Amino acid sequence: MTNASLNTGGEAPKRSLRAQDALTKRRNAAERRFKAYGMAAIAVGLFFLAVLAVSIVRSGAPAFTRTVVEVELTVSPADIDAAESQLFKTKAYQDLFVAALDRQLTNNGVEVAFDPKAIERLLGKVGSTMREFYQANPAKVGKPVKFELAAASRVDRYLNGELTRDAIQDSRFMMKTDLDLVDVMVDTGVMKSSFNWTFITGADSGVDNPGGAGIGASVVGSFFMMLVVLVLSLPIGVAASIYLEEFAPQNRFTDLIEVNISNLAAVPSIVFGILGLAVFIQFMHLPQSAPLVGGLVLTLMTLPTIIISTRASLKAVPPSIRDAALGVGASKMQSVFHHVLPLAMPGILTGTIIGLAQALGETAPLLLIGMVGFVARGYPDGVVSGFVDPNSAMPAQIYTWAARADASFYEKAWGGIIVLLAFLLTMNIIAIILRRRFERRW
Amino acid sequence: MSYTKLTVSALALAAVSATSAAARDNVQVAGSSTVLPYASIVAELFGENTDFPTPVVESGGSSAGLKRFCEGVGENTIDVANASRAIREKEIKACADNGVTDIIQVRIGYDGIVFASQQSGPAYDAFVPSDIFNAIGATVLVDGELVDNPHQQWADFNSDLPAADIAMFIPGTKHGTREVFEDKVLLKGCEATGTMEAMMDSGMSEDDAEDACLDVRTDGASVDIDGDYTETLARIDANPNGIGVFGLAFYENNTDKLKVTTMGGVSPSTETIASGEYPVSRPLYFYIKKAHIGVIPGLKEYAQFFTADEIAGPSGPLANYGLVADPELAKTQEMIANEVTMGSDS
């Protein structure tokens with residue numbers, strides 16, 4: 001109808017409505033092109049995500065399995081006493097295991113010639129596991145016990161196919177002839193692959209013991225750090241933004257504060273590390289390498305993020321809600337806490353989780369407060385020691401492993417990334433569930 | 001919601017501040033990234049074999065570690081500094097200014113510095129210090145003239161070397177390794193090529209000439225690596241012509257990727273380094289604050305454990321990882337037992 005009325009005044013239409021004219025064609029083509037660009041952008045994004053995921057999983061998967069050597073041995077009380085009387089006790093236990101394996105291989109009539117040194121080269125550091133076992137189970141002394149202990153990292157890499165026979169140069173870490181023995185041990189079932197629980201539950205290990213390295217302790221360290229960040233930055237951040245958004249007068253001073261908060265969000269994290277070293281460790285004398293200090297430093301880093309997102313979500317609550325509350329006689333504070341804040345909660349949670357996720361992956365500030373390096377205290381004894389005892393954090397642990405000479409630690413670093421991502425995913429899922437519960441529409 | 005959170009946070013803070021005054025029960029170590037692997041091995045074993053908690057070992061470089069060491073005495077300062085070079089006079093003075101007067105110096109062994117390249121790269125087999133100097137010195141001697149380094153390929157100055165582009169990855173200035181590299185390779189090469197003499201003839205004082213010898217060309221043929229050896233390895237992986245400077249232990253852990261060159265006709269190994277035949281090696285140290293012994297539990301025991309024959313001796317785990325054992329270990333053990341500080345025995 002409109003078309004008809006438009007055409008009445010001028011010349012008679014020379015074109016059908018069904019045939020597109022040049023302009024319409026161009027506009028439609030532009031729209032199609034834009035859609036195509038959008039889809040291409042998403043496809044590129046997905047492609048990189050897939051590449052990243054595949055490469056992480058492929059490089060990290062070997063960290064979750066390990067080669068173990070299964071040996072049944074009986075340790076006499078005299079052996080234990082002899083081992084405990086030495087300075088280097090774990091070495092004595094290791095020697096017991098090597099001797100038992102040597103006997104077992106000889107008794108089974110292994111066809112390859114080998115010497116005890118070769119067995120030593122094929123084993124990881126197993127002495128500490130044995131010592132811990134016998135200290136925890138004194139009743140087992142003198143009885144046959146079946147041990148499944150880690151093989152050397154090079155054996156792992158050989159059986160994974162990462163290290164080929166040709167690439168191995170004879171050294172004190174591994175000789176070419178040792179591989180014959182490995183093949184025999186695999187064939188006879190003495191050596192087999194199993195899931196690496198140590199990697200999930202253990203703490204960091206020395207550079208010559210990749211088989212004993214685990215990320216568990218640093219997961220706990222990260223957890224306590226995140227606890228400190230959450231408990232401090234959420235109330236402080238929300239209180240600050242409510243005041244600034246709802247109560248503070250608009251003047252130059254509050255403007256200045258706002259500008260500064262925005263600037264703080266862009267400050268490089270290492271700056272907060274230096275601040276943390278100076279204030280928390282050197283001035284306040286808080287312990288070094290402690291998750292508490294790490295958490296405090298990361299709180300400083302996270303606060304601006306939380307304040308900015310909280311203020312944005314408070315702003316997004318329609319003024320009609322405030323006006324209605326004030327109109328029925330609520331005080332300003334009642335209107336904020338009973339009506340505005342609950343409605344802004346989903347947005348606040350989103351901001352908090354983004355801030356926490358950022359803090360979780362941060363390594364630079366931890367460098368300066370002593371959480372990067374060799375921190376292998378193991379698990380804390382309780383809640384308090386979880387905050388104040390030296391511990392590492394996941395990104396710091398990954399960084400440390402990536403810098404080590406033995407290529408097996410590189411795998412561990414990738415494996416650590418998988419665990420870090422899993423931790424992050426869990427945090428996000430919790431946030432999504434909370435957000436769903438709080439979500440309100442009007 | 002907000003009220004409960006506030007209460008919880010206040011409670012948590014109170015609980016934490018009440019306990020933070022408790023004494024530190026673990027040894028705190030920082031310093032050289034070359035010593036870090038050995039220190040981490042010892043720290044793990046120390047935790048496993050004694051009743052003391054596992055010490056915390058941080059990295060950061062010799063200079064950074066000694067700086068923190070010299071910050072003062074007290075629980076919030078470190079107890080032990082690892083260093084891949086001896087402490088300098090300047091640092092001893094800085095220590096003394098902050099009240100750190102009694103320092104025990106412990107030599108744990110020797111470390112070799114090796115030159116390695118990709119397995120499949122050009123045949124870099126035999127170098128002498130003057131080759132390295134000719135390749136990366138800022139000013140070199142060509143036909144009797146001092147000129148800015150014009151060499152693009154190794155064969156440009158020594159026809160025995162492959163015709164491959166010069167690409168060296170050397171430790172950055174914050175590393176203790178750089179000092180050894182300068183002293184034992186660049187300076188030696190500078191003297192052997194006659195460059196230093198030519199510099200002095202041109203009117204430079206001996207000190208200035210030495211400094212000029214240590215200048216490295218800045219046109220990209222030589223790259224300073226400030227990170228760890230893994231960074232150097234990654235650069236070598238990406239550049240077939242590249243030659244990197246590594247510690248012996250790092251090379252021995254990566255023999256499937258790297259091949260090593262001889263220096264002055266000697267190939268690096270624990271034997272040639274112990275005998276002194278291999279020219280580029282240096283002692284490794286750690287420094288203990290005597291004032292912390294008896295205050296921090298396990299500090300003296302850590303030092304004694306570190307230098308025990310079973311650990312730092314020729315058949316111990318440190319030697320197995322690549323440390324060249326110190327023949328005078330017994331003297332070091334005695335020194336720790338008697339807590340002999342620097343300067344008091346001379």
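**Exercise 1. Which strand is joined to β13(B) by nine bridges, and in which sense do the two run?**

The model is predicted, so local features need pLDDT of at least 70 and side-chain atom pairs count only at pLDDT 80 or more, while totals for chains, interfaces and linings use all residues. Residues are numbered from 1 along each chain as its sequence is written, and chains are lettered from A and ligands numbered from 1 in the order in which they are written.

Step 1. Fix the terms. Strands are DSSP runs of E with at least two residues, helices are runs of H or I with at least four, and both are numbered from the N terminus. Two strands pair if DSSP finds at least two bridges between them.

Step 2. Find the partner. Strand β4 (residues 103-118) of chain B is joined to β13(B) by nine bridges, and the two run antiparallel. Within this pairing, B:I103 stands opposite B:K289.

Step 3. Look for another partner. Strand β3 (residues 80-83) of chain B also pairs with β13(B) in the antiparallel sense, over four bridges. Here B:A83 has B:Y285 as its bridge partner.

Step 4. Check the surroundings of β13(B). A residue is buried if 20 or more other C-beta atoms lie within 10 Å of its own, exposed if 12 or fewer, and partly exposed in between, with C-beta atoms placed from the backbone. By this rule, eight of the nine residues of β13 (residues 281-289) of chain B are buried.

**Exercise 2. Find the parallel partners of β8(B).**

Step 1. Strand β8 (residues 168-171) of chain B is joined by four bridges to strand β9 (residues 222-225) of chain B, and they run parallel. In that pair B:P171 faces B:I225.

Step 2. Two bridges link β8(B) to strand β10 (residues 243-247) of chain B, again in parallel. There B:F169 stands opposite B:G244.

**Exercise 3. Describe the open sheet of chain A and the helices beside it.**

Step 1. Three strands form the sheet in the order β2-β1-β3 (chain A), with antiparallel pairing. The edge strands, each pairing on one side only, are β2 (144-150) and β3 (191-195) of chain A.

Step 2. Give the twist. It averages 40 degrees from one strand to the next. Axes are lines fitted to C-alpha atoms, for helices over the stretch in contact, and angles run from 0 to 180 degrees between N-to-C directions.

Step 3. Take one pair of strands. Five bridges join β1 (residues 65-74) of chain A to β3(A), and A:R66 stands opposite A:S194.

Step 4. Add the helix on the sheet. Residues are in contact if their C-beta atoms, placed from the backbone, lie within 7 Å. Helix α4 (residues 89-107) of chain A touches β1 and β2 of chain A, and its direction makes about 85 degrees with that of β1(A).

Step 5. Describe the helix pair. Two packed helices are described by the angle between their axes and the distance between the axes. For helix α3 (residues 77-84) of chain A and α4(A), the angle is about 145 degrees and the axes are 8 Å apart. The contact includes A:A82 and A:A83 of α3(A), and A:A92 and A:L96 of α4(A).

Step 6. Sort the residues by class. Ala, Val, Leu, Ile, Met, Phe, Trp, Tyr, Cys and Pro count as nonpolar, Asp, Glu, Lys and Arg as charged, and the others, Gly among them, as polar. The contact of α3(A) with α4(A) has five nonpolar, no polar and three charged residues.

**Exercise 4. How many residues does each chain bring to the contact between chain A and chain B?**

Step 1. Chain B brings 47 residues and chain A brings 45 residues.

Step 2. Locate the largest share on chain B. It comes from α2(B), with eleven residues.

Step 3. Sort the chain B side. It divides into 21 nonpolar, 17 polar and nine charged residues.

**Exercise 5. Locate the largest nonpolar core.**

Step 1. A nonpolar core is a set of buried Ala, Val, Leu, Ile, Met, Phe, Trp, Tyr and Cys residues joined through C-beta atoms within 7 Å. In soluble globular proteins, nonpolar side chains tend to be buried together.

Step 2. The largest core has 195 residues, and those with the most contacts inside it are B:V42, B:F286 and B:Y287. Helix α10 (residues 216-247) of chain A gives the most to this core, with 14 residues.

Step 3. Not counting residues up to four places away in sequence, B:V42 touches B:F305, B:F306 and B:I311.

Technical notes
Contact = placed C-beta atoms within 7 Å.
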